[in-house]
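Trainee: Could you guide me through the reading of a model, from its overall fold down to single residues?
Mentor: Certainly; let us look at it together.

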Amino acid sequence: MSFPDVFSAICLIGGALSCLFGAIGLLTFPDVTARLQAATKPQTLGLILILIGTGVQLDLAYATGLILVGLFQMLTAPVMAQLVGRAAYRTGSVERDTLIIDELGHRIDREPKGR
């Protein structure tokens with residue numbers, strides 16, 4: 001077995017395990033903020049590892065498409081988590097007393113009530 005094959009196998013298995021642990025966390029964590037953490041960070045890491053493991057086995061011309069997929073994932077996952085977290089906070093799904101720092105609460109309290 002050559003080095004690229006071993007490296008690819010390690011990346012693919014690591015990525016699959018990261019996605020699995022993220023899915024388990026998504027099902028078992030108690031609140032919205034913890035679930036958002038499980039939905040974004042391990043899933044993104046898992047996808048990046050899978051893309052690296054796959055890209056090692058492909059020609060450079062095909063691997064560049066995987067780079068674009070990875071960049072798109074790294075750009076959209078934090079934005080999605082931010083928007084879902086804000087929506088959950090505004091609808092009351094997040095308990096304010098469990099937060100250590102509540103910057104969004106102070107900002108919402110200062111907004112005019114007509115919004």
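The dialogue below moves from the whole chain to annotated spans and then to individual residues.

Trainee: What should I establish before anything else, and how many helices and strands are there?

Mentor: Begin with the origin of the coordinates: this is a predicted model. Then take the inventory of secondary structure, which here comes to 4 helices and 0 strands. Along the sequence, the pattern reads α-α-α-α.

Trainee: How does the radius of gyration of the chain relate to the globule rule?

Mentor: One sets the value for the chain beside the value that the rule gives. For 115 residues the globule rule gives 13 Å, whereas the radius of gyration of the chain is 19 Å, well over that figure, so the chain is more spread out than a compact globule. The span of the C-alpha trace along its principal axes can be read next to this: about 65 × 30 × 20 Å.

Trainee: What share of the residues is buried, and what does the accessible surface consist of?

Mentor: Burial is judged by relative accessible area, with under 20% counted as buried. In this chain, 25% of the 115 residues are buried. The accessible surface comes to about 8,200 Å², and carbon and sulfur atoms account for 70% of it.

Trainee: Which share of the contacts joins residues at least 24 apart, and how far apart are the mean positions of the charges?

Mentor: For contacts, consider pairs at least 6 apart in sequence; 57% of these contacts join residues at least 24 apart. As for charge, the chain carries 9 positive and 9 negative charges, and their mean positions are 11 Å apart.

Trainee: Which residues does the "transmembrane region" annotation cover, and how do I compare it with the model?

Mentor: Take the record first, then the coordinates. The unreviewed UniProt entry places this annotation on residues 6–27 and 47–72. In the model, residues 6–27 are 100% helix and 0% strand, with end C-alpha atoms 32 Å apart. Residues 47–72 are 92% helix and 0% strand, and the end C-alpha atoms of that span lie 11 Å apart.

Trainee: Where does Q57 lie, and which residues does Q57 touch beyond four places away in sequence?

Mentor: For a single residue, read the element, the exposure and the partners in turn. Q57 belongs to helix α2, residues 32–57, and is partly exposed at 43% relative accessibility. Beyond four places in sequence, Q57 touches P4, D5 and S8. With P4, the separation is 53 residues in sequence and 7.3 Å in space, C-alpha to C-alpha.

Trainee: Which helix holds R90, and which holds L83?

Mentor: R90 lies in helix α3, residues 60–90, and L83 is likewise found in helix α3. R90 is partly exposed, with a relative accessible area of 48%, while L83, at 55%, is exposed. Leaving aside residues up to four places away, R90 touches I108 and E111. R90 and I108 are 18 residues apart in sequence, with 8.6 Å between their C-alpha atoms. For L83 and I67, 16 residues apart along the chain, the C-alpha separation is 25 Å.

How values were computed. Residues numbered from 1 in each chain as written. Predicted model: local features only at pLDDT ≥ 70, side-chain atom pairs only at ≥ 80, totals over all residues. Heavy atoms only, no water. Helix = DSSP H or I, 4+ residues; strand = E, 2+ residues; numbered from the N terminus. Rg over C-alpha atoms; globule rule 2.2 N^0.38 Å. Buried < 20%, exposed > 50% of the residue type's maximum accessible area, 1.4 Å probe, protein only. Contact = heavy atoms within 4.5 Å. Areas by Shrake-Rupley, 256 points an atom, 1.4 Å probe, with all protein chains shown as cover. Lys, Arg positive; Asp, Glu negative; His and termini not counted. Charge placed at Lys NZ, Arg CZ, Asp CG, Glu CD. UniProt positions renumbered as here; feature names shortened; annotations may be inferred.
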